[in-house]
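Biologist: Show me the model, please, and let me ask how its descriptions are justified.

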Amino acid sequence: MSHHLNAAIENGRRAWDIPTAVLFSLVTVAALIGVPLFGYVYGYTRLDWTMSGILYLISGLGITVGYHRMASHRSFRCPDWVKAALLVAGGWALENSALKWGTDHARHHARVDQKEDPYNATKGFWYSHCGWLFTKDPHKTERFAPWLREDRVVMWQHRWYIPIVLSGLALPFVVGLSAGGVGDGLSCFLLAGVGRVFLVLNSTFCINSICHLWGRQPYGQANTSRDSWWVSLITLGEGYHNYHHTFQRDYRNGPLWYNFDPSKWLIYGLSRLGLAEGLVRFDSGDRAR
Ligand SMILES: [Zn+2]
Ligand SMILES: [Zn+2]
């Protein structure tokens with residue numbers, strides 16, 4: 001660690017992460033101003049909306065099932081090609097490689113609510129939602145998830161992360177282009193590329209912000225994690241965050257049959273098809289409520 005960084009920590013200041021801040025700001029401005037403005041002037045087609053929905057589900061499940069439950073928590077095992085497909089889908093959410101994402105996430109669980117927690121919710125809503133992205137984190141370490149670097153599919157995804165991101169942005173453009181012309185390509189790219197990435201990013205952020213600030217704590221009050229069923233509706237099942245922090249390796253975040261957890265349904269479905277095995281579950285969790 002450099003002297004400069006040490007001094008910055010002691011002073012409570014952190015160095016800006018310029019590339020991340022610029023990229024995130026560009027996506028936000030384009031999604032909040034460019035996407036609605038284009039829609040107001042030219043309108044979006046049914047194909048644009050359909051592609052947005054499909055890519056929201058694919059990239060969202062790539063994060064929840066691939067990055068989160070498979071890579072970060074090892075809550076099930078699957079063949080390399082299934083793993084690769086899940087990590088490509090997760091890469092389309094523009095949330096960094098699974099290696100970086102899982103490294104941060106393991107530290108979040110190990111040091112939740114402490115100064116090493118990358119999205120420490122005790123620093124307030126905006127910090128835990130997206131403010132943490134804007135500065136360099138001096139506490140970065142890979143020691144909480146050493147298995148990530150030993151996983152050849154995770155490392156393959158890390159190496160190819162930029163082309164994977166570009167393929168996810170090119171896909172809606174190509175679909176729109178082949179349905180009409182360059183204008184249709186642009187409109188599909190704006191809604192199903194830029195708009196959809198912004199929504200998936202923020203749905204992920206809600207777990208770190210809302211699910212550490214508001215909701216019930218049926219499984220324990222050892223940390224700020226909370227269960228919020230309505231956050232599960234937009235995050236594909238990850239709103240049951242108090243259960244998740246209590247039984248973090250469980251492949252389910254919502255353990256009860258009526259919990260809305262499409263991510264656990266996908267993992268269970270894969271296991272029925274013989275494409276996932278070793279699903280971790282803590283049955284004591286079912287009785288805790
Ligand atoms: Zn959490
Ligand atoms: Zn987790």
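Modeller: In this predicted model, the buried residues of helix 5 are Ala98, Leu99, Trp101, Gly102, Thr103, Asp104, His105, Ala106, Arg107 and His108.

Biologist: What makes a residue of helix 5 buried?

Modeller: A residue is called buried because 20 or more other C-beta atoms lie within 10 Å of its own. In helix 5, 10 of the 13 residues are buried, so the helix is described as mostly covered.

Biologist: What covers the buried residues of helix 5?

Modeller: The cover includes helix 3 (46-72), helix 4 (80-91) and helix 7 (152-159).

Biologist: How do you know what span to expect for helix 5?

Modeller: The expected span is 1.5 Å times one less than the number of residues, so the 13 residues of helix 5 give 18 Å. From first C-alpha to last, helix 5 (residues 98-110) reaches 18 Å, close to that expectation.

Biologist: Which residues touch the most other members of the largest nonpolar core?

Modeller: Ala93, Ala98 and Val154 do, in a core of 49 residues. Helix 9 gives the most to this core, with 12 residues.

Biologist: Why is Ala93 said to be in contact with Val197?

Modeller: Two residues are in contact if their C-beta atoms lie within 7 Å, and Ala93 and Val197 are therefore such a pair. Leaving aside neighbours within four places in sequence, the contacts of Ala93 also include Ser59, Gly60, Ile63 and Leu201.

Biologist: How do helix 8 and helix 9 meet?

Modeller: The axes of helix 8 (residues 161-179) and helix 9 (residues 182-209) come within 7 Å and cross at roughly 145 degrees. The residues of that contact divide into 10 nonpolar, 4 polar and 1 charged.

Definitions and conventions:
Residues numbered from 1 in each chain as written. Chains lettered and ligands numbered in written order. Predicted model: local features only at pLDDT ≥ 70, side-chain atom pairs only at ≥ 80, totals over all residues. Axes fitted to C-alpha atoms, helices over the stretch in contact; angles between N-to-C directions. Helix = DSSP H or I, 4+ residues; strand = E, 2+ residues; numbered from the N terminus. Nonpolar A, V, L, I, M, F, W, Y, C, P; charged D, E, K, R; others polar. Buried ≥ 20, exposed ≤ 12 C-beta atoms within 10 Å, placed from the backbone. Core = buried A, V, L, I, M, F, W, Y, C linked by C-beta atoms within 7 Å.
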